[in-house]
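I opened this model to look up its sheets, its charged pairs and the surroundings of its nucleic acid strand. My notes are kept in the order in which I went through them.

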Amino acid sequence: MLRIDQILSDAVLSGCTELFGASPDPSQVSIQLTRPEFEGERTVIVFPFTRLSKKNPEDTGKTIGEYLVANLEEITSFQIVKGFLNLSISDSYWISELNEAVSAGGLFGLQPAKSKPQVMVEYSSPNTNKPLHLGHLRNNFLGYSVSEILKAAGHDVVKVQIINDRGIHICKSMVAWLKFGKGETPESSGLKGDKLVGKYYVAFDKAYKAEVVEHGEDDAPILLEAREILHKWESGDEEVRALWDQMNGWVYAGFESTYKEMGVDFDKLYYESDTYLIGKSQVEKGLASGVFSQREDGSIWVDLTDKGLDEKLLLRKDGTAVYITQDIGTAILRFEDYPSLDRQVYTVGNEQEYHFKVLFEILGKLGFEQGERCHHLSYGMVELPDGKMKSREGTVVDADDILAEMRETAEAVAIEAGKLDSIPEEDRPELFKQVGYGALKYFLLRVDPKKSMMFDPKGSIDFIGNTGPYIQFNYVRSRSVLRNAGIERARYLIVESSVELDQTEKRLLMTALSLPDIIEESARLYDPSILANLCYEITKSYSSWYQDHPILKEENEDLRMARLAICSLCSSSVKTGMSLLGVNMPERM
RNA sequence: GGCUCUGUAGCUCAACUGGAUAGAGCAUCGCACUACGGAUGCGAAGGUUAGGGGUUCGAAUCCCUUCAGAGUCACCA
């Protein structure tokens, strides 16, 4: 919380006690930004206090306002509009905050590392039979960004994914490759490994559909072959395992290059093939301790009807695992791997909300009280203008294709704007990535995660308006001003407290100073969009202010310093905020 | 059918979690400016917050209800 808000909140509480003889509930004290059309910077809502004062809102506000002006040096005057007490805060207060923030340099907004509990964030977690697509982009950017935001808020963060490397889906690709592949490899075909394996998954599906006509869905020969391979895999057949290793290896190499391109990474990888058996023993333990129950046919269930959920199968009658069984195993393995882990955050689409409710309840029943702090970072589907985004229906937008398209568009736009002349040839590829991927990440992250969103391939690469490149562009301009000022280390700027700021720059300053609060809020809500919006707010205010507030040309030296400091604070705040979204900021563009 | 989520300007999204006249961007129209980086800034127009009811000083936000969309309720993953 900004220092002034704490001061105000305390003063309002003690003021009420002193003036009205009764103190309100602290939650009743609401302090907010004064709307721009009114004078002042902070507004206290007085309605809640009218019952204590036994006066009308205006008189109540006047009484409190007079008290605040008399008791707080930071408050210079107040105005009352209806039930709203608008407070003007002294310039010297803002300047001291400005000096403090500027002296923190790039650390402004960040909490000390590992000063808060350890959190694990899972994201990406693809199947290994298909390449990554548009939906994975939202998932990866979200998971990575939430991880970085939690770190910035002081948490110790472990980034992980669970790789679904086992199961019938992989076996389908394997069968098709054996039948039709003729030994094709990524090297021989020139295809990325994940694309190659995906190609055979599609080939399987095609052959399967052709066979269904004659043999029916359950008895198509190629499906029987895939099941046969699955059985061999489970019994450890060496040939099958070798092929499985080889094909998964191709996929991992393909994924790795896409992750690198996206700018995301992981601290530890979990593989389903390592964890899927662990769940079984946990379920049996739960059965022994009485939290689960067994039916006559031998299947094991958990009863969650008292939590408003249903009964859920945990182990089939033949003793084999279902989906949630392995998730129980994986979760518990992670708690064992990281004994001080406070909670896990799962970045998974909202179609699995029910699944995670059940999982967290089960973890609690098994004695892992962290279960109640675990969080499903649920996000909505990414839709396309001409219909739904569904990998099964063939309207997939391939992740690598999108990334390439963003790079190319960034280049085309830069050329058209005539911006390339001053950029050295060798720096250009990196610049196109920064701008193109910045546009994409910002586009996907500025929307509230839980809402489904529209991905407009054309609109996303607009470089004007509320976009990543707009923010980058203004950052670049502010950096240029600082370079021209010869300020290498802006953190040593000191602004005289006697400088007078106008309303516009005070507003801009306040916006930039809210970075720590917004990081904190984003972390608390697992929501990068709040931070994305702040970056845009700062940028828009900065750009507007910049238009008619000379910085280097300002003749009053104290004021020039103040404006340089504001410029520096805005650029560093935006850079920090954007970096937490995974967006790199260029120095020139 | 039960449960969950969503519905805000023509379009894409906000709204500090119950606060003032619901704000931005795109698109449309107009204005400024040869610039400390114009990939600019300013303005106009655009709204019964899906409809109806309720709670209170005050509702896009909370409750009820109707409508529309999505998801889920698998011995699939």
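The entries below begin with conventions and then go through the structure topic by topic.

**Conventions.** I am working with a predicted model, in which local features need pLDDT of at least 70 and side-chain atom pairs count only at pLDDT 80 or more, whereas totals for chains, interfaces and linings use all residues. Residues are numbered from 1 along each chain as its sequence is written, chains are lettered from A and ligands numbered from 1 in the order in which they are written, and side-chain values use heavy atoms, with hydrogens and water left out.

**Entry 1, the antiparallel sheet.** I looked up strand order with helices (H or I, at least four residues) and strands (E, at least two) taken as DSSP runs numbered from the N terminus, and with two strands counted as paired if DSSP finds at least two bridges between them. Four strands make an open antiparallel sheet in the order β1-β2-β4-β3. Because β1 (31–33) and β3 (75–81) stand at the edges with a single partner strand each, one side of each has no neighbour in the sheet. From one strand to the next the twist averages 30°, for which axes are lines fitted to C-alpha atoms (for helices over the stretch in contact) and angles run from 0 to 180 degrees between N-to-C directions. Between β2 and β4 I found four bridges, and I45 stands opposite F84 in β4. Helix α3 (residues 57–71) packs on this sheet and touches β3 and β4, its direction making about 175° with that of β3; contact here means heavy atoms within 4.5 Å.

**Entry 2, the parallel sheet.** A further open sheet has five strands with parallel pairing, in the order β7-β6-β5-β11-β12. Its edge strands, β7 (268–271) and β12 (375–379), each pair on one side only, and neighbouring strands are turned by 25° against each other on average, direction ignored. Strand β11 (residues 341–349) is joined to β12 by five bridges, and T347 has L377 as its bridge partner in β12. Helix α13 (residues 323–337) lies across β5 (116–122), β6, β7 and β11, and runs at about 145° to β11.

**Entry 3, N350.** I then turned to N350, which is found in the loop between β11 and α14. Its relative accessibility is 28%, so N350 counts as partly exposed, on a scale where buried means under 20% relative accessible area, exposed over 50% and partly exposed in between (1.4 Å probe, protein chains only). Leaving aside neighbours within four places in sequence, N350 is in contact with H376, S378, Y379, G380, M381 and K450. N350 and E426 are 76 residues apart in sequence, and their C-alpha atoms are 43 Å apart in space.

**Entry 4, salt bridges.** With a salt bridge taken as a side-chain nitrogen of Lys or Arg within 4 Å of a carboxyl oxygen of Asp or Glu, the count comes to 35. One of these joins E148 to K159, with the closest N and O atoms 3.0 Å apart. E148 lies in helix α5 (residues 134–152) and K159 in strand β6 (residues 155–163), so this pair ties together parts that are 11 residues apart in sequence. Both E148 and K159 are buried.

E184 and K199 also meet in a salt bridge, at 3.0 Å from N to O. Since E184 lies in the loop between α6 (168–180) and α7 (186–189) and K199 in helix α8 (residues 193–215), the pair ties together parts 15 residues apart in sequence. E184 counts as buried at 16% relative accessibility, whereas K199 counts as partly exposed at 37%.

The side chains of K192 and D194 form a salt bridge of 3.2 Å, N to O; K192 is partly exposed at 25% relative accessibility, and D194 is buried at 1%. I noted that K192, D194, K195, D398 and D400 are linked in a network of salt bridges.

**Entry 5, RNA strand B.** Which residues come nearest to RNA strand B? Of the 58 residues around the strand, they are K419, D448, R477, K553 and M589, where near means that a heavy atom of the residue lies within 4 Å. Sugar and phosphate make up 59% of the RNA atoms that come within 4 Å of the protein.

For single atom pairs, I noted that a polar side-chain atom of T43 lies 2.8 Å from a base nitrogen of RNA strand B. A side-chain N or O atom of D310 is 3.2 Å from a sugar or linking oxygen of the strand, and for N484 the corresponding distance to a sugar or linking oxygen is 3.3 Å. The elements giving two or more residues to the surface near RNA strand B are β2 (42–45), β4 (84–89), α14 (353–365), β14 (453–454), α18 (468–484) and α21 (528–548). The largest share, seven residues, comes from α18.

Conventions
A polar contact is a pair of N or O atoms within 3.5 Å; within protein, one must be able to donate a hydrogen and the other to accept it, and residues adjacent in sequence count only if both atoms are side-chain atoms.
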